[in-house]
Amino acid sequence: MKALVFGCTGQDGSLLSRSLLRQGYEVVGISRSSNPNLSIHLALGIAGSLEIVTGDLCDFREMLELVTRQQPDEIYNLAAQSSVGLSFRQPVDTFNSIINGTINLLEVARFAGYQGRIYFAGSSEIFGNTAQPADAQTRRYPLSPYAIAKDASFNTVQVYRQAYGLNCVTGVLFNHESPYRSATFVTRKIVDGALACKRNRGYRLSLGNLQVARDWGWAEEYVEAMQVILRAEHLQDQVICTGRMQTLEYFVARVFSVLDLDWQAHVDIQESLLRPSEILQSQGNPEPMLRCHGWQASIDVDGVIDRLVAQART
């Protein structure tokens, strides 16, 4: 079995590549850079275990040649600008990387008569504020350029599956973390900041709105769920989540508590860090994944925090 992994050097792409390699897959990773950052691969012990090729997901001819030459059984599209905050500052780049990349890959598959399966990484941001835990059938209210692009991608994948019979599906991932998150993500910023406060009691950590609430899971589990969705007998879009929601204040307080610190003595709230449009609460419904695929997350926000702090301290 062979898999193509777009976005192979990021958190999810790296963890997915390791999982596939452990199953005996031949993995071909695609990177936009001719000199990709392999730091996560090195940390995971998979550097050199997969072929990495340079490719632009938005280049039709290049992608057609790649898919035709490689003939993969599975394709995972995890590549795109992934920061909600950055999407407000760079909306055009965000739209191009998500929407154009999605439709280009789908058109390549349609043109080439591709018979394998294609997974697209969706985002819980498409739902906006969730009055009730969301599943794939929940109405969507995207509140950022990133979310709008992901919503358009979600719809496009459905159209190509239904209209053209392509074996394509979207897994809508709620927030999921690991030690391999970029330092720009707030969870990594909190853990790194708390450790800095532990070393230097005079250090101050600046954060934005702590009342936002999220459904946090563990990335290593979520890449397994991606494969479950893709290999199902009947392809259907699914939400990947834990079903438990907590505020960012809870996250901060627990991280500092694990380090025997009082977060209120070290954290400053800065208005400059507030987003133009913010989702106040985001929670997924895990029941469809359990009912349809027998899959459920075993690590919720408390386990996520404990693992992040423990690994950051080593």
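This is a short dialogue on reading a helix, a strand and a cavity in a predicted model.

Trainee: What should I know before I start?
Mentor: The model is predicted, so local features need pLDDT of at least 70, side-chain atom pairs count only at pLDDT 80 or more, and totals for chains, interfaces and linings use all residues. Residues are numbered from 1 along each chain as its sequence is written, and side-chain values use heavy atoms, without hydrogens and water.

Trainee: How many residues does helix H5 have, and which are buried?
Mentor: An α-helix has 3.6 residues a turn, so residues three or four places apart point the same way. Helices are DSSP runs of H or I, at least four residues, and strands are runs of E, at least two, numbered from the N terminus. H5 covers residues 91-112, 22 in number. Its buried residues (under 20% relative accessible area, 1.4 Å probe, protein chains only) include Thr94, Ile98, Thr102 and Leu105. Gly113 follows H5, with a positive phi near 65 degrees.

Trainee: Which residues of strand S4 lie on each side?
Mentor: In a regular strand the side chains alternate between the two faces of the sheet. In S4 (residues 74-77), Glu74 and Tyr76 are on one side, Ile75 and Asn77 on the other, and all are buried.

Trainee: Which strands does S4 join?
Mentor: Strands pair if DSSP finds at least two bridges between them. S1 (residues 2-6) runs parallel to S4, with 4 bridges. Val5 has Tyr76 as its bridge partner. S4 and S5 also run parallel, joined by 4 bridges. There, Glu74 partners Arg117.

Key. The expected span of a helix is 1.5 Å times one less than its number of residues. Buried means under 20% relative accessible area, exposed over 50%, partly exposed in between (1.4 Å probe, protein chains only).
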